[in-house]
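Hi,

Here is the structure I promised to pass on. Have a look at it first, and my notes come straight after.

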Amino acid sequence: MTSSRPDPAPRLELLHISKRYPGVLANDDVSLLVRPGEIHAVLGENGAGKSTLMKIIYGAVQADQGEILWNGRQVQIGNPAAARQLGIGMVFQHFQLFETLSVVENIALALEGKFDLRALASRVREVSAKYGLPLEPERLVHSLSVGERQRVEIVRCLLQNPQLLILDEPTSVLTPQAVRSLFATLRQLASEGVSILYISHKLHEIQELCERATVMQGGRVTGEADPRQESTASLARMMIGRELPVCSATPYEGERIPVLELRGLSYANDDPFGASLHEIDLIVDRGEVVGIAGISGNGQAELLAALSGEVPSAASCVLIDGQAVGHLHAGERRDRGLAFVPEERLGRGAVPAMSLAQNFTLTAHRQRELRRHGLINLAGARQWAARCIERFDVRCAGPQAAARSLSGGNLQKFIVGREIMQAPKVMIVAQPTWGVDVGAAAFLRQTLLDLARSGVAVLVISEELEELFEICDRIAVLAAGRLSLPVPKEDTDAEKIGLLMAGTQQQAA
Amino acid sequence: MQLIEPRANPSRTMRWLAPPLAILLTLLVAAGIFALLGKPPLQAFYVFFIEPLETSNGWSELLLKASPLILIAQGLALGFRARIYNIGAEGQLLLGAICASGVAIYTDGMEGAWILPAMVLAGAVGGGLWGAIPAWLRTRFQAQETLTTLMLAYVATYLLSWLVSGPWRDPSGTNFPQSILFAEPAMFTPLFEGLRINASVYIAAALVPVFWLFVAKSFMAYQLAVGGEAPAAARYAGFSANRTVWVSLVISGAAAGIAGAAEAAGPVGQLTLSLSPGYGYAAIIVAWVGRLHPLGIVLAGLLMALIYLGGEAAQVSMQLPAAISWLFQGMLLFFLLGADAFVDFRLRQRKEVTA
């Protein structure tokens, strides 16, 4: 692919890149060409090798074999600083931020040379306003939501005037309107000659935005295409070797009884940068899936903590089966039939260094024969974990595998499975498919649908609108700590939900 | 830019090899120190590590010193796993000794098989209460137990000093700051004629399996481990963080208190200022060298006891200063923490920028 192209020197050319990790060939003879001003998609599931390839370009990882040509010259990119010097910027999927520093301090750290924090702060405001990425430069990163952290990463790159911008799944935390304005930004950057490498598994976005796509599967390039000329189905076949799985929902036939109720739940946050909750009312019936849309940082974390019992409230604000449980802590609420899958899988939903069997005990110790006379039944936990692994198709080395050794999707399947095996009446799930590959995401969504139809009240909080429209019966929006009235999904659309998310978001900013 | 970076998968083998490696490095540096002091290193090692074990008296002393170290370290390890750092076990040990001695002093002249168990119980209660103070300060005022436990150890030292030079001073004695010699019912009897080793070692021996069972099987220890590894997961599971603090500090305090009672009622036989040669501090090292594992702690406790004995022997037969034992302890901990750092992290190679 090096020969006889009429174009000017490509911005970036990768030739026969291979990278092997112990036990995995992450990149296998990968070649890729990006022209100046081109928006180029790299399409593939989690584990397809996209992230490794991007880290090689960004200098965070060294290839075992292969060449990198930058503007026609062969280069060795030894580290990210070298990449930035060349003019390569990257927005990582897993953010590279210091929690204890402010937004502007984090940005200053990535810039070369001396800096003036105040001047930089005003530039941050400028850039963030220009590209529709509202940011408060003085806020500390630990108080930011996932969505806000991503904005810091994007703004940080844009401040360095890159020639090539790599974006790893950038839209998962944006409203439809914000996605559109991001796309406008990217198109504008492209028209100024900036090349963009856009990593995603969302086919329709790639079809809307990108001129060329390199599709990867299992570390190899499986196709190259103009996504605008391809159908979703043909791209999906290149990406996962089959059609995109879809969820199917049957109507719930049983009696509709409210199981989870919130009545005027308010929470005043001590953290001046945190979100407060204002008079939240919500009813989730048996057999339905209710979705809460909205961008993280608008009270999602606070609402989840109030629901799970990690932060108790007034007794009468939270009801399960008509019983006031607001004053009960997380363990006591589990006794009443509440199950909860948090957004952070490692460190909250599971203990990273502990085995799956031990992690099964984390929430299952209340329900089962896993605790007797103050002793834990490890053999029993192993059996239950093994059953969970089998029933929910968790790919791992077995019940003895440490939680941190699992991929995001498999750990999520394990945690969701563990909670379902507690036979809950109410299941609350935050970001069910964050960073999960297409196959596992479809499986998780179907699992939640089936759970609801078996008579459980399911509440899903997600930033992915498509996901909510796929599985929910009713959708509400949480913005600036206020919850809109849930509407049947037939009566609304992404546009209306997006306006609710954005409208109140401006009030908050 | 960074000099070290975390390893993705710290090796379990290396984690267990770290203590032997630390011991080896300690010996190497010690050899250098002996050489600098003009003592032949091999002879010094012989005096330190072999000679004490050549006599039955040596073995008796070894077990006598290892038991309190092991007992205290078992309790400390529980808290360390939950990241509750009780470094004031010395104070809890002294309170245990004080309470046990109180029983012995006020029952002086009485007969009864209940006196000795009552002393051990009093020791456990005293140590446990001394551990409960930092627990209360932590859960009520968020005062760091690392500081409060250490400060309370000094308070305990002064309390002991006041008691033996004031209300509990032996009235018939020669003004020395020490209590009366305990009567026979308030003493552990020696197991063998002519040796100091006594029945108190059975307490440590019996409690090791209890601790092992507790760590491996109990729901409480599971909660402690979750709280230490991932505090957010403990909250998510509904485990009480305050209970974690209380349990670890009270249990480790009680274990140290029992060790203190056994010292007072065993080899010492009275309450004196020099009751403990720093067992409470040395046990911190024992817990880490033993990898916070109940059986690892037994081995580490025996090693630490040997270092105490070797230090005494080296003083006598090689005219080395008493501080040599402390030096060994310090080096051992230093090298262990260093080795642990390399188990969890690796040096990052600086790559040249050839852009």
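Below is what I found, starting with the chain contacts and then moving on to some helices.

One thing to keep in mind is that this is a predicted model.

Let's begin with where the chains touch. On the chain B side, 19 residues are in contact with 33 residues of chain A. If you want to find that side of chain B, look at helix 8 (219-229) and helix 9 (231-237) of chain B, the elements that give two or more residues to it. By type, the chain B residues touching chain A split into 11 nonpolar, 5 charged and 3 polar.

Next, a helix pair within chain A. Helix 11 (residues 356-364) of chain A and helix 13 (residues 408-420) of chain A have axes that come within 10 Å and cross at roughly 40°. An angle from 35 up to 65 degrees counts as oblique, so these two helices of chain A, 11 and 13, are oblique to each other. Their crossing is right-handed. Which residues in helix 11 of chain A meet helix 13 of chain A? They are L356(A), F360(A), T363(A) and A364(A), and their partners in helix 13 of chain A are F414(A), R418(A) and E419(A). That contact is made up of 4 nonpolar, 2 charged and 1 polar residues.

Last, helix 12 (residues 294-318) of chain B. With 25 residues at 1.5 Å a residue, helix 12 of chain B should span 36 Å, and its end C-alpha atoms are 35 Å apart, so the two agree. Right after helix 12 of chain B comes Q319(B), which has a positive phi, near 55°.

Cheers

Notes. Residues numbered from 1 in each chain as written. Chains lettered and ligands numbered in written order. Predicted model: local features only at pLDDT ≥ 70, side-chain atom pairs only at ≥ 80, totals over all residues. Contact = placed C-beta atoms within 7 Å. Helix = DSSP H or I, 4+ residues; strand = E, 2+ residues; numbered from the N terminus. Nonpolar A, V, L, I, M, F, W, Y, C, P; charged D, E, K, R; others polar. Axes fitted to C-alpha atoms, helices over the stretch in contact; angles between N-to-C directions. Parallel < 35°, antiparallel > 145°, perpendicular 65-115°, else oblique. Left-handed = near helix turned anticlockwise from the far one by under 90°. Expected span 1.5 Å × (residues − 1).
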